[in-house]
Amino acid sequence: MVSDHYPSLSFQARQSLSFKETEIIKTPFVMDVFLLDVMSEMLQSPLHFLSYVNRRTAYGEKILSTHELTILSYHLKQNLWMDEEYSMMQLGDDVCADLDLAMLVRRDGVPGHDTPDGILTKYKGTTFDRIIKDIDKLDIPATIDLGFMLLSLSGDTIEMINDGIAQMVKLGKTDGKHHDLTLGISEGNSGLTIHCNDDPASISGPRLEDHCERRKYALKAKSWLGICVGVKIPRLRFGITQEFEWVQSDAMDEVVKDLPKPQNLKGKKSVNFKTITRKSKKIGRNEKCPCGSGKKYKKCCLV
């Protein structure tokens, strides 16, 4: 942290630091007090604030600009996200125009919008926005990783999640059954499973845990996250995270052999939800549940 608002001073401070980057230790995030003030003003939610710091340090020197305010402005416009096929990104200072105006509106009372159009406005009032707010309110450390992952998604993916949950809620209200949506993320290194039901937590909790464990195993993923959203009230009920080493298991191989592949988000504009819920034949009560839980249908999705 530097005390003066001089971009060159922050640059010199960063260059003078001696560090070795590892999987845990990232590139130092050097900022001045003015940037911290603007971040606190715009990212008032603890989850949004910490998510930005987490992602900014993760990208490190891959994103270049003359000042950190430019990178913050880009984040507020369209989320700090860079496709994995790119190794570096250069941002121009003109990106800051909306942020500069928003701060003038907030501090000096000039006419205009007090929040730049982007991630803080685009999804306001949507199911995704309500889920993020619910995670922010939960006093459970494990849900922070879930919040970080959701906030790191691209705009197209967020819209697909909103669309998918809306479809599941509609189906749940129509047939009274629980429905799920599974998305592959980060080239298969992680994934997200969304369950939509109003079943008691004693039933829906273990079911989501089992489903995520099987999805994670099938893709040999490093981590997997799951959330349960209500039907009558489409709000976050609870969330889980699974992060452990993949170990081959003959029993698990048998369980996941017929598991449908998760949605691949790359290049898609909408969720092909029907392919997830369609069944080719009637499932017998004592047959394995098609959701991949490994349980009998009568004790799982038929409940």
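This report describes the fold, a helix pair, the nonpolar cores and some loop residues of a predicted model.

**Overall composition**

The secondary structure of the chain consists of 11 helices and seven strands. The chain has 303 residues, and 45% of them count as buried. Contacts between residues at least 6 apart in sequence were also sorted by separation: 61% of them join residues at least 24 apart. The surface that the chain exposes comes to about 16,700 Å². Carbon and sulfur atoms supply 53% of that area.

**Helices H2 and H5**

Helix H2 covers residues 33–42 and helix H5 covers residues 97–108. The two pack at an angle of about 75°, and their axes are 12 Å apart. H2 is therefore roughly perpendicular to H5, since angles from 65 to 115 degrees are classed that way. On the H2 side the contact is made by Asp37, Val38, Glu41 and Met42. H5 contributes Leu99, Ala102, Met103, Arg106 and Arg107. Sorted by class, the contact of H2 with H5 has five nonpolar and four charged residues, and no polar ones.

**Nonpolar cores**

The largest nonpolar core has 28 residues. Those with the most contacts inside this core are Ile131, Met149, Leu150, Ile161, Ile165, Leu192 and Ile194. Helices and strands both take part: the elements that give two or more residues are helices H6 (127–137), H7 (142–151) and H8 (155–175), together with strands S3 (179–185), S4 (190–196) and S5 (223–229). Ile165 can serve as an example from this core. With neighbours within four places in sequence left aside, Ile165 is in contact with Thr127, Ile131, Ile194 and Val229. Another core, of 24 residues, lies apart from the one that holds Ile165. Met39, Met82, Met89 and Cys96 are among the residues of this other core.

**Loop residues**

The loop between helix H4 (68–78) and strand S2 (89–90) holds Ser87. Asn79 is found in the loop between H4 and S2, and so is Trp81. Lys220 belongs to another stretch, the loop between helix H9 (201–219) and S5. The table gives the relative accessible area of each of these residues.

| Residue | Relative accessible area | Class |
|---|---|---|
| Asn79 | 5% | buried |
| Trp81 | 37% | partly exposed |
| Ser87 | 59% | exposed |
| Lys220 | 55% | exposed |

Asn79 counts as buried because its relative accessible area is 5%, and the cut-off for buried is under 20%. Its backbone has a phi near 75°, a positive value in a residue other than glycine. Lys220 also has a positive phi, of about 55°, although it is not a glycine. Lys220, at 55% relative accessibility, counts as exposed, because the class begins over 50%.

Trp81, at 37%, is partly exposed. Not counting residues up to four places away in sequence, Trp81 touches Arg55, Tyr59, Tyr74, Ser152 and Ser154. Trp81 is also 74 residues from Gly155 in sequence, with 9.4 Å between their C-alpha atoms.

Ser87 is exposed, at 59%. When neighbours within four places in sequence are left aside, its contacts are with Lys62 and Met82. Met82 is also one of the residues of the 24-residue core. The C-alpha atoms of Ser87 and Ile63 are separated by 8.9 Å, and the two residues are 24 apart along the chain.

Technical notes. Residues are numbered from 1 along each chain as its sequence is written. This is a predicted model: local features need pLDDT of at least 70, side-chain atom pairs count only at pLDDT 80 or more; totals for chains, interfaces and linings use all residues. Side-chain values use heavy atoms; hydrogens and water are left out. Helices (H or I, at least four residues) and strands (E, at least two) are DSSP runs, numbered from the N terminus. Buried means under 20% relative accessible area, exposed over 50%, partly exposed in between (1.4 Å probe, protein chains only). Contact means heavy atoms within 4.5 Å. Accessible areas come from the Shrake-Rupley method with a 1.4 Å probe; for residues, only the protein chains shown count as cover. Axes are lines fitted to C-alpha atoms, for helices over the stretch in contact, and angles run from 0 to 180 degrees between N-to-C directions. Angles under 35 degrees count as roughly parallel, over 145 as roughly antiparallel, 65 to 115 as roughly perpendicular and the rest as oblique. Ala, Val, Leu, Ile, Met, Phe, Trp, Tyr, Cys and Pro count as nonpolar, Asp, Glu, Lys and Arg as charged, and the others, Gly among them, as polar. A nonpolar core is a set of buried Ala, Val, Leu, Ile, Met, Phe, Trp, Tyr and Cys residues joined through side-chain atoms within 4.5 Å.
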